[in-house]
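Colleague: Could you take me closely through the strand pairing in this chain, going from one pair of strands to the next? I would like a connected account rather than a list.

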Amino acid sequence: MTTFREAIEAKDMDAVEAMLADNVVFTSPVAFKPYPGRAITASILRAVVKVFEDLTYVREIHDGAHHAYEFTAKVDGLELNGCDFLTYDEDGRIVDFKVMVRPLRAAEALAARMGSQFEEIKAAASAD
């Protein structure tokens with residue numbers, strides 16, 4: 001079975017989407033409120049892998065159903081450091097997906113890039 005990290009590193013977004021529970025909640029580092037649901041979460045993640053340059057996972061921490069994946073990447077040439085916090089349900093599906101990033105300038109660049117794509121992201125999610 002492919003792990004979350006393996007799927008992201010391979011940019012296998014179908015595999016990532018298959019890992020998401022229908023009721024997953026995605027909490028963005030640059031949006032005010034969380035996004036509930038598999039379709040919008042998958043659509044956001046598909047856009048993120050296109051925006052991030054040189055995504056590299058540098059650390060993993062696992063504590064039962066809770067997993068943290070620290071990563072580095074670039075957005076518009078700015079170095080970004082972040083962490084994906086995932087919580088899995090009893091069936092092994094991701095039910096909570098929270099992302100935190102730093103520094104502020106890179107987070108702002110990420111917000112701008114994702115914001116410019118958000119109508120397309122929502123359209124892709126509603127097509128599913």
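Modeller: In this predicted model, a good place to begin is with strand 4, residues 66-75, and strand 5, residues 78-88, which lie antiparallel to each other and are joined by 10 bridges. Within this pairing Val-75 is found opposite Leu-78 of strand 5, and the two strands make a hairpin that leaves two residues between them, where Asp-76 in the turn takes a positive phi of about 50 degrees.

Strand 5 also pairs with strand 6, again in the antiparallel sense, through eight bridges, and here Asn-81 faces Arg-102 of strand 6. These two strands likewise form a hairpin, with five residues between them, and Gly-92 in that turn has a positive phi of about 80 degrees.

From strand 6, which spans residues 94-102, the pairing continues to strand 1, residues 20-27, but these two run parallel and are connected by four bridges. Phe-26 is a useful residue to follow here, since its bridge partner in strand 6 is Phe-97, while its bridge partner in strand 2 is Tyr-35. Strand 2 consists of residues 35-36 and runs antiparallel to strand 1, with two bridges joining them.

As for the wider setting, an unreviewed UniProt entry carries the annotation "domain: SnoaL-like" for residues 3-96. Over that stretch the chain is 29% helix and 48% strand, and the C-alpha atoms at its ends are 16 Å apart.

How values were computed
Residues numbered from 1 in each chain as written. Predicted model: local features only at pLDDT ≥ 70, side-chain atom pairs only at ≥ 80, totals over all residues. Heavy atoms only, no water. UniProt positions renumbered as here; feature names shortened; annotations may be inferred. Pairing = 2+ DSSP bridges.
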